Amino acid sequence: WNPEGWNHHPAPAPGPASGCASARPQGGALLSSSTNPTTTERDWTLVLDAAVRIRLVSHAPGAPGLRRLGLGPGGRPTRGLLKLQRLFRKHAFWAQQRSTEDLRRMLRGSPVVVSLWRGKRLVGVGRASSDGIHRAVLWDIVVAGDLQGRGLGRRVVEALLDSPRLRNVERIYLMTTNSAGFYRQLGFISAEPQQLLIRTSEASG
């Protein structure tokens, strides 16, 4: 893990979240919305080489369905925690060693969690921490490598920024190693002259 430094999102203007698209994703069509006790789900379609349905799941704080029961879209059992671990191991170099217990603790401490599914396959994820007013941080934004460049990463970030816990936060930060250009397209700017400092625990090695 070798982040280039902090990037932050300027304070949003009153009304819809600054830097976010509308609820209807670019390049796709919003098909339906539904709510259940553990998630708020939106279905939308992006045209890749053919029509492909990608389901976006905005989880309840701490993602209890995914964390406790491995639930996927529609609240259906789908071994979601193992699929999250597999996504990280294949497509997130900084998160390859996280155990399922690590992931449970991570999700429990994340008030905003978004996931993307293609059928039963978990293809994207992102999460955020926030005090709800002054500061928030985006974490672990990951899209499966074979679907990158299709607008899915943008959709994950937009869903996080549009969540009630982040919508009116003064500053939203993130760290990136090699994707600064992507985040600048979404309204993030370098946080100079701020510096990124890090302290690692002995348990992390």
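**Salt bridges and a core, talked through**

Modeller: In this predicted model, R104 forms a salt bridge with E101, and their closest N and O atoms are 3.7 Å apart.

Biologist: Why is the contact between R104 and E101 called a salt bridge?

Modeller: The cut-off is 4 Å between a side-chain nitrogen of Lys or Arg and a carboxyl oxygen of Asp or Glu. R104 and E101 come to 3.7 Å, so the pair qualifies. Both residues sit in helix α3, three residues apart, which is about one turn of the helix.

Biologist: What makes R104 count as partly exposed?

Modeller: Buried means under 20% relative accessible area and exposed means over 50%. R104 has 31%, so it falls in between. E101, at 42%, is partly exposed by that reasoning too.

Biologist: How do you know whether D140 is buried or exposed?

Modeller: Its relative accessible area is 9%. That is under the 20% limit, so D140 is buried. The side chain of D140 also meets that of R98 in a salt bridge, at 2.8 Å from N to O. This pair links distant parts of the chain: D140 is in strand β7 and R98 in the loop between α2 and α3, 42 residues apart.

Biologist: What makes R135 and E170 a salt bridge?

Modeller: Their closest N and O atoms are 3.1 Å apart, which is within 4 Å, so this pair counts as well. Here R135 lies in strand β7 and E170 in the loop between α4 and β8, 35 residues apart.

Biologist: And how many salt bridges does a search of the whole structure find?

Modeller: Eight salt bridges turn up in that search.

Conventions:
Residues are numbered from 1 along each chain as its sequence is written. This is a predicted model: local features need pLDDT of at least 70, side-chain atom pairs count only at pLDDT 80 or more; totals for chains, interfaces and linings use all residues. Side-chain values use heavy atoms; hydrogens and water are left out. Helices (H or I, at least four residues) and strands (E, at least two) are DSSP runs, numbered from the N terminus. Buried means under 20% relative accessible area, exposed over 50%, partly exposed in between (1.4 Å probe, protein chains only).
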